[in-house]
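Got the viewer open? Here is a walk through some helix pairs and strands, one selection after another.

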Amino acid sequence: MSAVASLSSTEEVITSRRTESLDAHEISKLITPSTTGMFGRINVLYLLEKSNLAVTLENDNKEIVAHAAFLDYPNHSLADPAEWVPWIQSNYKSNEYTPLNTLFMHLFVAQADYALEGAKEIIRTVFNAVPELHYIFLFIPSTVSLESSLEAVFEPVLDPETVCQYTAFIAHRHLHFPVLRVRKARVEDHDDLIPLFTQYNSDLTAMYGDYFLAELIEAQNEQNHAVVCEVRGKAVGFMSVCSDVNVEMLNQCFNLKPFHGLYVPDPADLLEPPPELEAESAKKQHSTVPQSPEAGLSEEKECKNEAESDKKKNQDGWMTLHLLTNMLNKKEAIITPDADIPAKGDTTYNLKYSSGICMEEADKKIFHPVYKGSSNAFCIQLFVIDEKYEMRSQDFLPFVFKLFPNRDFCVITVPNMVPEFPLLQSFARVIPYHSSTLPQDLYVFHRSGLISPFIIRKAKSIDKPGVECLISKLRLNTSILENLNIFNEARRHLEGTPVQAFVAEVMDQIVGIAIIKNEEDINYIRSHYNIEDFIYFSYHTQEEHGRLLHFALNPIFHHHRKHFLKEILRLSYKSCIYHTVNHQQEQDKNAYAHSLTSALNCMVPVCARRQIVYPLEELGINAPSRQVSKDQVTYALYHFNRKLTLEPKVTINARIVIVGASDTGIAFLEKLIFRPHLKFNNITLISTHGIPTSDNCDRHVFLANSHCYNDKDYALLSLQSWVNVVIGKMKRIDRAAKHVVLSEGRKVPYDHLILCTGEQYQVCNPTGVDINKLLTNRELSVNLNQIYTGQVPSNLFTINDKEDCLNAYIWLQENFTDREGNVIVYGNTLDAYTTVEALLSLGVMGSRIHLAEPPLETNVTCFNNFTVESAVDEALKKSGVTVYKNCILAQWNDGNNPEPIMSASFTTDTKPFKLPCSVFINFYKKKVPYETFKAINDACLVYDGKLVIDSNFHTNDPAIRAAGPLTKFAQCYYADGWSHSIFNSKEVGYQLATILLPFFDPTLPVEDPPEDPERLIPMYPVPKIQGCKLPGGYYYLHVAKPGLSTPLAAQMSHAKYGTEIITGSAQTGNYFRLHLNQYSMVETITCLSTEPFPSSNYICLYGQHEQLLNRFCDRLEDGLITNLYSYFKEPWCLAIYHDRFNDFKSEVHQIMSARQMEDSPSVTELIQQVMEEEHDLLSEPKEFIRMKALKCGFKRPVEKCVLNYLKYNSYHLSMYARPGLI
């Protein structure tokens, strides 16, 4: 934000920002004949798609006043984009212009009043935003004069020897935003610097006195130096560095193997573990899964930091003051001295170390290399810089390295809660060991990172030895070399796909390798992934899309990753590259390019699109192309394009710990990870079985489906690439120390703790009554909610997740299906009926299956539909399954040792009974697990039957939030019956992330809580969905509006219930029930069919008005609809199943809400007037509104919107006719 003076001499505040595609129309209005003369005819939207950087200036009225676009090759097609470097060197006799330090202006437009100051501001902004940039070129035709506004920022490049049709102009950094001058600090700098310190942190002055900085500067010696950067003689930044670093402690806490432990290499170094320790560590790998783009793509990298700390939140300006001395606990110090800054009167400044290492005792057996060399690092202890110059923070580095000529590494530790500031963008973040309990992140920079030029070029045959040396320690080194050989020998794969290889070179040494191929499946990617969230697809040709196969870069040059990718795009003539991650193929070594440094952090994850299930036979030749409808191996997709090359991500190191891999927890993670401009480094999931994956057995399903996530969804999310997974159970929460203690004693520290454990079926506790006394359920005097504390029998299965399903399936196959004996299924939930069907499909005779249903807690069954219940009961009877109603488990084995269960006794409302039992499957009563309850209760979190939260998911601890069935709303909301359990768990997880994101995302405003909250609980409109396969081979789907459970008969008796439409019957296997509410909106869908049906299609019907369903009610009255399955299979309805149909409806709503004529109302206003009886109606209100809307000009824009929707999505909706198609 800057204040500029326009030609009218009025000073106005203008704001610079990155240009968005929506700005194209306004930018086009600023193009003048003079602009066209200098830059040629410009398609602004196309230019924005291909620009590396585009900057827009706007005033207080959000009006665009100036714009400029910059690319990494010359305009006017003066040179081949991949060959401009030798062209410019030969024509302008200079070797100082490189792809790293040079950009080219391709467009500049501005309002006349702002042209001069706008040009200056944009050039300043560009030089500030790109620290490596030193030159901006502009080429215009020789016959055209440069605009006066640009003459103020560009100067001609004199080259009398070359005759050219174009004139070159150049803007130099030193004239607009120069490199800062760095020198040794002097005591006189005190007065300039102290305001910077006090602006962001006043504790230092209070702790060490008013003149601590002067004393620190005065105490410099060979080990301790203080330097400043200055602008026009005034110090604007300060850095204190020290060579006394506890490198041993750093190696205990962080994986510094790629940096040789920060030691000088020595022949006596022990770098490999002994064989016995290597075997032992391999056994431990099952308990923690390292999942980060960097950890997951390098076999040497460990888990991310799961540090233990009690750390105050410091968010006082994200970029300037980083006082490591003030934020590190003395007992946990790594680089920090006992007194980093001398107190009054001290004249010495020596770094000392804490004697304790912050490691968990249980994990000290991790092998750490033994280094015999001397320390090779110095550390940054204090750093502060004025906000205006923060992007020039890297200017300190060349100077401080000169102060320590014998040290190659500069290190800095930063508290987790401090956002990453510009200085750290030049550093490589080191992955902590999972055993580290330090509350800091470690960053490393090698002096070789200062070497220039950093050259990216196409690979050559002679590069092979250098590449072999670079990737020798990588798991995929063989695959990388094979692809490199293919490039060197044939330039294309065996199937004919072109391949290109590029290397990064510094001082004739290969430091990076990347291999790409043409993306031949781009139509499939477009139809299955939301790549159009990032690009305008029509502006990118087929050949401009590439797939990144391998990417490896020496971590010393970690900060050049994005430049490497930018050069790959330029040299390969690509505009977009993609990378796929398929965890199913990980064992085939093709899932990842296991690189020294991953490229994933520079790329953006792309959301998958919901697909229409097409009736291909009915569509015939009108079906979508095979490229759209074909089935492929599911993979997660990552994307990178030219617009992202100079756009930094916001890095968040805050430790976010999620307990529970429930649908709510997974949805929360999904929402965080798929924020393209955010990068979370410290997300940890604590789960009993880790992240659900498609690797588990899916042959037989014992549980109903919530339609939140399935195996394919987990593969598309690729959470393993971003989330640390800790396998275990939460045992205790230490709120003071801010860590979670697991059952095996391990500690997982957090800054934000998210509890999403949900409710699970618990091991049922027999009442213990003797059935020989002939007691009934009414006569029982025991508490049915008591917890089972005995030994769990080996043939008792309480199934809660896929892992439990797999274990039960394996046991049944090995010990039950081909033998004699009975199975008892105990429960009255949908899962119990699903399990009965699974047993029948396993080949278990119905006569061996006994379904014991405990009494209902409410008067609502799991189906809440008499027709469905009757059909299932009849199917159970035909299958020979015996059903017992209102049963309560009394004893196993007549009260004797239950290992194994040989019999089970039950009491009923009449007389008790006893059944022989070979296997007992339990689905009785979902509750909060006792271990979870105890951890919550012992932590003094408010618990009232469930964990108490407010409408923003807060518990009584501001650092702990919770969501899902685990929770209930506080009493002050007067909503005892309402909780998250009655809503869609996926939407609840999304909303939880939405509440938390403003604390991390600078683009989102943080709203202060109201002083007097309204005490209203949030409502989540997404429907609650259940699906499964029931006995009798019935496929079942139920989609309903979230709400309190009420018997269906009671709902239908309400005057405003609406309309019920039923076709088919359960007996014929085609029962379909549709409920339209009083507003003719679909509110309930129930399907029961013996044939599979497209559930995902039918779910899309929820919330649609009957008019959108092809005038559904009119057709029903005319007797044209006899089978809803056939009706919703017709081609007309496929547009409703499209994932962008709701966006289309929103566009139509916007048209209806806007006036098409100045003196005519909008449709929304017209409806309001009719409701308020402002018109004398001569016809029905609907007809009156329709006729009025036609007269007001709404027909044409709505028709245009419909046709655009069909045209834009024609690859999915090929069955619709469009203008020009016939």
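Start by selecting helix 32 (residues 1163-1171) and helix 33 (residues 1181-1191) in this predicted model. The two make a right-handed crossing, with axes that come within 11 Å and cross at roughly 145 degrees. Turn on side chains and you can pick out the contact: Val1163, Leu1166, Ile1167 and Val1170 come from helix 32, while Pro1181, Phe1184, Ile1185, Lys1188 and Ala1189 come from helix 33. Sort those residues by class and you get eight nonpolar, no polar and one charged.

Next, select helix 31 (residues 1141-1153) together with helix 34 (residues 1195-1208). Here the axes come within 10 Å and cross at roughly 165 degrees, which means helix 31 is roughly antiparallel to helix 34. The crossing is right-handed. On the helix 31 side, look for Phe1141, Phe1144, Glu1147, Val1148, Ile1151 and Met1152; they meet Pro1197, Val1198, Cys1201, Val1202 and Tyr1205 in helix 34. This contact divides into 10 nonpolar residues, no polar ones and one charged.

For another helix pair, jump to helix 20 (residues 663-673) and helix 26 (residues 985-996). Their axes come within 7 Å and cross at roughly 45 degrees, so these helices are oblique to each other. Helix 20 passes helix 26 in a right-handed crossing. The contact residues of helix 20 are Asp663, Thr664, Ala667, Phe668, Glu670, Lys671 and Leu672, and those of helix 26 include Gly989, Tyr990, Leu992 and Ala993. What is the class make-up of the contact of helix 20 with helix 26? Eight of its residues are nonpolar, four polar and four charged.

Now for some strands. Bring up the open sheet of five strands in the order 47-48-51-50-49, where the pairing is antiparallel. Strand 47 (1024-1030) and strand 49 (1059-1063) stand at the edges with a single partner strand each, so one side of each has no neighbour in the sheet. On average, neighbouring strands here are turned by 10 degrees against each other, direction ignored. Zoom in on strand 49 and strand 50 (residues 1070-1076), an antiparallel pair joined over five bridges. One spot to label is isoleucine 1062, whose bridge partner in strand 50 is arginine 1073. Then add helix 23 (residues 830-841), which lies across strand 47 and strand 48 (1034-1040) and runs at about 25 degrees to strand 47.

Move on to strand 40 (residues 903-907) and strand 41, which run antiparallel and are joined by four bridges. They form a hairpin with five residues between them. Serine 903 stands opposite proline 916 in strand 41. Which face of strand 41 (residues 913-916) is covered, and which uncovered? Phe913 and Leu915 make up the covered face, and Lys914 and Pro916 the uncovered one.

Last stop: strand 15 (residues 409-415). Seven of its seven residues are buried, so strand 15 is largely enclosed by the rest of the structure. Phe409, Val411, Thr413 and Pro415 are buried on one side, and Cys410, Ile412 and Val414 are buried on the other. Keep strand 15 selected and add strand 14 (residues 377-385): the two pair in the parallel sense over three bridges. Label cysteine 379 to finish, and you'll find its bridge partner in strand 15 is valine 411.

Key: Residues are numbered from 1 along each chain as its sequence is written. This is a predicted model: local features need pLDDT of at least 70, side-chain atom pairs count only at pLDDT 80 or more; totals for chains, interfaces and linings use all residues. Side-chain values use heavy atoms; hydrogens and water are left out. Axes are lines fitted to C-alpha atoms, for helices over the stretch in contact, and angles run from 0 to 180 degrees between N-to-C directions. Angles under 35 degrees count as roughly parallel, over 145 as roughly antiparallel, 65 to 115 as roughly perpendicular and the rest as oblique. A crossing is left-handed if the near helix is turned anticlockwise from the far one by less than a right angle, and right-handed if clockwise. Contact means heavy atoms within 4.5 Å. Ala, Val, Leu, Ile, Met, Phe, Trp, Tyr, Cys and Pro count as nonpolar, Asp, Glu, Lys and Arg as charged, and the others, Gly among them, as polar. Two strands pair if DSSP finds at least two bridges between them. Buried means under 20% relative accessible area, exposed over 50%, partly exposed in between (1.4 Å probe, protein chains only).
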